[in-house]
Amino acid sequence: MEIPDLVREELGDEEVQAGVSLGDEDIVCFTPSRTLVYRGEGLLSDEGVEAFPYEFERLSVSEGRRKATFSLAYVDTKREFSVPVKRSEGVLERLLESSLSAAGVLDEEETVAGVYRFSELTLVVTSAQLLKHVGSVTWDGDFEQFAFEAVTGLEFEEGSVATAIVLSVDGRPERIKAPSNKAPSLRRTLQQALFAYHDVSSLDALNEKVGEDEDSESDVSGLGLDAGIDPLVGDDEAAAEGTEASGSDESGWEPTDSADAGASGSGTDGDFAALEAQVEELAELVEQQNEQLQRQEKVIKQLIAELRQGR
């Protein structure tokens, strides 16, 4: 792509890292510190260049039938530029990649593979992580990062209205709902990025490579949500109770001296200690489940909002 002379004059010591043609002579160029929007000379306008630094606090994108408008909110001002709708996806990807790189969110060699906007949800798939932003604007400083190096599983749950992407990071599942008509593209992009990062060629191979061991720390002492809690009595006491319940002859009973009674009491104390530890572990697991339910509730509310908006 040829760089206009007016853009070269504006560059100074910087270089153009990427560019998107808008048709005719108009182009958008991206440098390490700013976006340059070039407009060629037309019947009603002169040739010109506008510079948009990356220090914006919020980014909003609104689409009409023909034009998409990018609104950048700075500390003391708001600035906008418009591009053809069919070019907006490429501009958004390069704009976020450049601004996130300038902010240090992306590493030097990290690139953006795709950007997806679903109502109040924006996802950025890079070569090393998944970035998630929830809000009325397309992007601001309130976003979450999920590094590919910490991924422990990837699943997809397809539905008639939406597809749930279940990305497990450090053993904790992150559920993301995507409209069914856009989910295939997101799934393909996310899989390709993860496959490349972990050097695998299939979803099964990925889950096998990054999956946690069955004896992971998340299942301490084999206690899960479905696990039972041992009774207070020990094995010997349970056996004695079973014998008594079956109607055995009481003539076989022998008295227990004080020493044996003391030993039995000590064992019961041990059972209480074990039970207390199990209850603490169970409480921790329940807390984790509650956090997951809260995230799911947030996604459900978001999906409902998307469905209402699509009516």
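Asp199 lies in the loop between helices α3 and α4, and in this predicted model its phi is near 55 degrees, a positive value in a residue other than glycine. At 68% relative accessibility, Asp199 counts as exposed. Most residues other than glycine have a negative phi. Ser119 also has a phi near 55 degrees, again positive in a residue other than glycine, and it is found in the loop between β8 and β9, the latter spanning residues 121–126. With a relative accessible area of 40%, Ser119 is partly exposed.

## The chain as a whole

The secondary structure of the protein chain comes to 6 helices and 14 strands. Of its 311 residues, 36% count as buried, while the chain exposes about 19100 Å², of which carbon and sulfur atoms supply 45%. Among the contacts with a separation of 6 or more, 39% are accounted for by residues 24 or more positions apart.

## Helix α4

After the loop that holds Asp199, between α3 and α4, the description turns to helix α4 itself, which covers residues 203–210 and has Leu203, Leu206 and Val210 as its buried residues. Seen down the axis of α4, these buried residues fall within an arc of 60 degrees, so they line one face of the helix. An α-helix has 3.6 residues a turn, so residues three or four places apart point the same way. Asp204, Glu208 and Lys209, on the other side of α4, are exposed. The cover over the buried residues of α4 includes strand β12, residues 151–158, and helix α3, residues 183–198.

## Two nonpolar cores

In soluble globular proteins, nonpolar side chains tend to be buried together. The largest nonpolar core here has 28 residues, and those with the most contacts inside it are Leu59, Phe70, Leu72, Phe81, Val83, Val91 and Leu96. At least two residues of this core are supplied by each of β1 (18–23), β2 (26–30), β5 (58–63), β6 (67–73), β7 (78–84), α2 (85–102) and β8 (112–118). Helix α2 gives the largest share of this core, 5 residues. Apart from this core lies another, of 27 residues, and among them are Tyr116, Leu167, Phe195 and Leu206. Leu206 is also one of the buried residues of α4.

To return to the largest core, Leu72 is one of the residues with the most contacts inside it. Leaving aside its neighbours within four places in sequence, Leu72 is in contact with Phe52, Pro53, Phe56, Arg58, Leu59, Thr77, Lys78, Arg79 and Phe81.

## Three buried residues

The table sets out three residues with their elements and their relative accessible areas.

| Residue | Element | Relative accessible area |
|---|---|---|
| Cys29 | strand β2 | 0%, buried |
| Glu93 | helix α2 | 12%, buried |
| Ser98 | helix α2 | 8%, buried |

Cys29 has contacts, apart from neighbours within four places in sequence, with Ile3, Val7, Val16, Ala18, Gly19, Arg34, Thr35 and Leu36. One of these residues, Ala18, is 11 residues from Cys29 in sequence and 6.0 Å from it in space, C-alpha to C-alpha.

Glu93, in helix α2, counts as buried because its relative accessible area is 12%, and buried means under 20%. Not counting residues up to four places away in sequence, Glu93 touches Val112, Ala113, Gly114 and Val115. Ser98, which lies in helix α2, touches Phe30, Thr31 and Tyr54 when residues up to four places away in sequence are not counted. The C-alpha atoms of Ser98 and Val112, which stand 14 residues apart along the chain, are separated by 9.3 Å.

## The largest pocket

About 750 Å³ of space lies in the largest pocket. Of the 31 residues that line this pocket, the closest to its centre are Tyr116, Arg117, Phe118, Ser119 and Lys182. Two or more lining residues come from each of β5, β6, α2, β8 and α6, the last of these spanning residues 258–310, and the largest share of the lining, 5 residues, comes from α6. Two of the residues closest to the pocket centre, Tyr116 and Ser119, have been met already: Tyr116 belongs to the core of 27 residues, whereas Ser119 is the partly exposed residue in the loop between β8 and β9.

Definitions and conventions: Residues numbered from 1 in each chain as written. Predicted model: local features only at pLDDT ≥ 70, side-chain atom pairs only at ≥ 80, totals over all residues. Heavy atoms only, no water. Buried < 20%, exposed > 50% of the residue type's maximum accessible area, 1.4 Å probe, protein only. Helix = DSSP H or I, 4+ residues; strand = E, 2+ residues; numbered from the N terminus. Arc of directions from axis to C-beta. Contact = heavy atoms within 4.5 Å. Areas by Shrake-Rupley, 256 points an atom, 1.4 Å probe, with all protein chains shown as cover. Core = buried A, V, L, I, M, F, W, Y, C linked by side-chain atoms within 4.5 Å. 1 Å grid on protein atoms, 1.4 Å probe; cavity = no way out; pocket = protein on both sides within 12 Å on 5 of 7 lines; lining within 4 Å. Points joined across faces, edges and corners; volume = space filled by probe spheres on them.
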